[in-house]
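Work through the three exercises below with the model open. Try each task before reading its solution.

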Amino acid sequence: MAHALTLTTKPPAEVIRPGQISTFVGRHTDSSRLDELLHAAVTGQSAGVVVRGPRGIGKTALLDHAAKLATGRRVIQIKSAAAETDLAYSTLQQLCSALPHELTRLEAQHRRVLEAAIGLRGTPDTDLLLVCVAVVQLLTRAVEAQPLVCFIDNAQWADTASTYALAFAVRRLAPAPVAMVIASRASCFAELPELVLSGLEHADARSLLTSALPGPVDERVLNRMVTEARGNPQLLLESARSGSPRELAGGYGVPVPARLRDVDAGANLSADGKLLLLLAAAEPLGDSMRLWRAAARLGIEQDTADELESAGLLSFGTFITFPDPALRGSVYGAAPAAERRRIHGVLAAATDSATEPDRHVWHLAQALVGPDDAIACELERAASSASLRGGLAAEAAFLERSALSTADPVLRASRAVAAAGLNYEAGAVDAAARLLATTEIGRLQTADRARVAHLRATMDFDSSRSHSAVTRLVASATAVEEFDPQLARPVYLEALSAAIFTGHVDVMQAVLPQLAKQIPKGSDRLLEGVVERCKSGYAAAVEPLKLALKTLGCDHEDEARARVLACMIAADLWDDDTWHHLTKAELARSRRAGARTLLPYVLTHRALLEIHTGQFEVAQSLVDESRAITDAAGRPAFPHAAGVLAAWQGRLAPELAEAACRGDGSVRSLARYAQGVLGNGTGNYADAARATGGAFEDDRLELQGWSIVEFIEAAARSGDLTAAADALERLSDQACLTGTDWALGVEARSRALLRDGQEAEDLYLEAIERLSRSRITTHLARAQLLYGEWLRRRGRRIDAREKLKAAQRAFLGMGADGFAGRASRELLATGERARRRVPETSSQLTPQEARIAWLARDGRSNPEIAAALSISPRTVEYHLHKVFNKLSITSRTQLHLVLAAAET
């Protein structure tokens with residue numbers, strides 16, 4: 001009889017960033033149990049375990065996670081299918097197909113038996129025992145080269161014959177290094193231990209749900225959704241994806257699924273039962289007090305709850321919940337419109353207008369048949385409080401409803417324009433376009449007409465990033481200026497930002513005179529600095545832009561696109577601290593407000609920062625989040641950070657090169673920089689020099705300085721010292737003007753490449769000292785690498801090893817494979833054996849434990865390790881405790897001795 005494993009220790013929950021979906025959250029204890037199984041297999045102890053739980057509980061996610069961790073083992077993944085349950089040996093056939101070479105090497109009898117069982121021979125052998133023995137022989141062959149882990153998913157649908165054969169193999173294979181992990185909804189493998197998965201705890205469920213939501217959600221709605229899903233990850237994700245941001249944001253709408261579910265049990269309900277069910281569906285918080293106040297107004301008695309609970313349609317407790325989140329939308333969507341209006345009217349009467357004015361007026365509006373100017377005004381007033389619950393999406397929903405409830409055509413059009421703008425900021429592009437279409441058949445005033453032109457130009461630019469879209473932005477700024485010069489200021493700045501982003505110099509030149517004339521001196525430091533940067537160059541603009549960054553919050557509190565431009569300016573000024581704080585604050589602000597249109601821009605800037613600070617895994621999660629948002633909106637992706645990240649990882653990102661061929665501006669500049677990084681990392685210096693050679697030919701706000709650094713190294717290594725010296729002068733000018741440790745550090749490192757003797761060594765040491773005070777760990781490691789190379793070429797092998805090892809450890813920790821390989825080759829040249837990417841400190845350590853151990857040995861704190869690996873500090877502490885036990889040490893200071901022994 002199967003026995004369940006006892007899991008007594010609850011590990012800390014995994015940290016999930018907003019927008020980053022992880023179906024593995026809350027499964028660390030279960031993962032540790034599978035780790036033990038995999039390590040037992042490596043040491044020659046065959047083992048099997050059944051991961052059991054209901055549909056959607058996370059079995060597949062756990063198996064996929066375990067498969068990724070199964071380094072050093074051969075992994076086979078099999079998935080049974082419901083349609084093949086009655087086909088004998090159908091699951092076994094997948095196993096044999098994954099081991100074709102081993103099948104051909106079996107003894108003739110065993111091969112004949114298996115081939116017959118899986119249909120490769122004419123007549124199947126009916127002796128199940130012979131098939132079981134043949135499977136044992138097949139798996140024995142498979143582990144001759146390396147340990148084997150076999151993952152079988154959806155085993156509840158495995159055919160009976162395959163189940164017997166696989167269970168027999170697990171029992172007979174010891175001491176062969178084979179592990180079998182079987183996921184099933186039911187106990188289908190008798191005598192194997194079971195790992196029973198239950199629902200996620202509340203905190204973990206909230207983390208998972210928050211990661212999947214498209215924007216901010218009212219806390220009470222969030223708690224109701226978590227409770228309703230009962231910790232089931234699949235139901236949580238389905239709940240998050242069931243509606244638009246506007247429907248989910250404050251719980252002001254009920255997400256109705258595209259296909260309504262049949263509510264068979266509801267057909268036999270009493271009239272009061274049907275009304276109470278619809279009331280529960282329309283009340284988004286699951287608030288039992290409000291529900292019963294509304295029910296009392298309809299004359300519904302409380303014993304009606306027994307009828308609904310008996311039918312399995314509702315649960316009455318802290319929250320009123322449905323057994324399946326999709327059922328709520330189906331009940332609401334299937335109800336006649338008149339009945340829904342009646343229910344909302346009752347809910348409005350049951351909601352206190354003093355304490356919850358937004359919810360009160362929302363229900364009133366939903367009960368309307370035609371326009372009502374009084375309610376429209378209340379909706380407009382309540383929009384700001386709604387935004388506190390659900391961000392831009394909720395505010396947009398209120399303004400849109402206000403516009404639709406307005407009888408006056410002029411006011412209706414004005415409110416529709418405002419709602420369109422908020423909808424677009426929230427990422428609801430279709431809703432914004434629909435509202436703009438309605439304004440054109442209304443009576444637009446001059447100001448609203450200009451706002452419509454501006455919004456359309458912005459939408460055009462975000463979807464195409466074309467020259468014509470930038471030109472339209474300039475034209476819209478001119479139109480806005482006619483009725484409100486001050487309001488035109490952010491529009492002009494947006495147009496200039498778009499021109500800089502796309503590299504359309506002609507548009508920039510056309511905009512600059514207008515800006516210089518239109519903006520009074522001192523009224524906008526950022527705008528003045530950018531104008532100066534475009535007109536007069538880097539040197540003239542440094543001080544104005546420094547001042548602008550310091551006072552940014554005063555001038556541009558409500559202008560998100562100006563703040564995004566400031567992120568690029570901070571990077572152009574080599575100001576890593578300001579770059580960090582700006583991108584961090586803007587990312588938090590955009591997520592908090594649900595500004596999904598702007599979010600990909602912000603994510604791209606933050607990802608570029610994370611790349612330069614060596615946090616490649618964090619950068620990748622931001623790149624993935626940005627791509628998911630742009631894909632969902634049907635807009636072109638931002639290849640900037642993805643291409644730069646790929647280059648630092650030692651690989652080419654074709655999408656960036658393709659975008660650079662199609663476009664200009666920052667895309668072209670970062671493509672050039674990425675090719676330089678890739679070439680220098682892999683030692684292809686001629687390619688790097690060719691790619692970055694044009695970086696110092698002009699002086700535009702396109703992060704040219706990054707490419708200049710790459711060109712200097714590439715040209716120096718290629719022997720073109722004259723070109724390198726010319727580029728160095730340009731870099732030195734920037735470094736002296738900005739005065740940051742990042743700029744002065746890379747300048748000292750670049751100058752050292754063109755010097756010799758003590759002067760070169762002093763410059764390398766200066767570069768390392770300055771860069772160690774900055775956040776830019778990637779270039780610190782490169783300074784150590786270049787210094788180590790310089791030392792080796794002068795025969796100082798012992799000194800070289802120290803610097804090269806430090807560089808190699810840093811690059812391996814980041815995942816900078818190209819530079820890590822370059823450091824490894826240099827170490828070999830000194831006579832040192834290069835360290836492997838995953839150190840073999842002990843066969844007991846899991847890959848995650850090994851990574852944490854190495855980082856702790858290098859002196860990183862738990863929060864620093866957590867940031868590097870995208871986990872929580874508590875998870876780091878949990879793994880370090882296991883590392884200490886396995887290595888028989890008592891503190892992290894002893895890691896140096898233990899891991900150093902494994903390294904040599």
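A patch is built from residues with over 30% relative accessible area and no salt bridge, with like charges joined within 9 Å. The model is predicted.

**Exercise 1. Which residues form the negative surface patch? Then place D272 and class its exposure.**

Solution.
- Step 1: List the members. The negative patch consists of D272, E301, D303, D306 and E309.
- Step 2: Locate D272. This residue belongs to helix 12, residues 271-282.
- Step 3: Class D272. Partly exposed lies between the limits of 20% and 50%. D272 has a relative accessible area of 30%, so it is partly exposed.

**Exercise 2. Place A98, class its exposure, and find its contacts beyond four places in sequence.**

Solution.
- Step 1: Locate A98. It sits in helix 3, which covers residues 90-98.
- Step 2: Class A98. Its relative accessible area is 30%, so A98 is partly exposed.
- Step 3: Find the contacts. With neighbours within four places in sequence set aside, A98 touches R74 and I76.
- Step 4: Check one pair. A98 and I76 are separated by 22 residues in sequence, and their C-alpha atoms are 6.8 Å apart.

**Exercise 3. Is E617 buried or partly exposed? Give its helix and its C-alpha distance to L645.**

Solution.
- Step 1: Locate E617. Helix 31, residues 616-633, holds this residue.
- Step 2: Class E617. Its relative accessibility is 41%, so E617 is partly exposed.
- Step 3: Take the pair. E617 and L645 lie 28 residues apart in sequence. From C-alpha to C-alpha, E617 and L645 are 9.7 Å apart.

Technical notes
Residues are numbered from 1 along each chain as its sequence is written. This is a predicted model: local features need pLDDT of at least 70, side-chain atom pairs count only at pLDDT 80 or more; totals for chains, interfaces and linings use all residues. Side-chain values use heavy atoms; hydrogens and water are left out. Patches are made of residues with over 30% relative accessible area and no salt bridge: like charges are joined within 9 Å, nonpolar side chains (Val, Leu, Ile, Met, Phe, Trp, Tyr) within 5 Å. Accessible areas come from the Shrake-Rupley method with a 1.4 Å probe; for residues, only the protein chains shown count as cover. A salt bridge is a side-chain nitrogen of Lys or Arg within 4 Å of a carboxyl oxygen of Asp or Glu. Lys and Arg count as positive and Asp and Glu as negative; His and the chain ends are not counted. The place of a charge is taken as NZ of Lys, CZ of Arg, CG of Asp or CD of Glu. Helices (H or I, at least four residues) and strands (E, at least two) are DSSP runs, numbered from the N terminus. Buried means under 20% relative accessible area, exposed over 50%, partly exposed in between (1.4 Å probe, protein chains only). Contact means heavy atoms within 4.5 Å.
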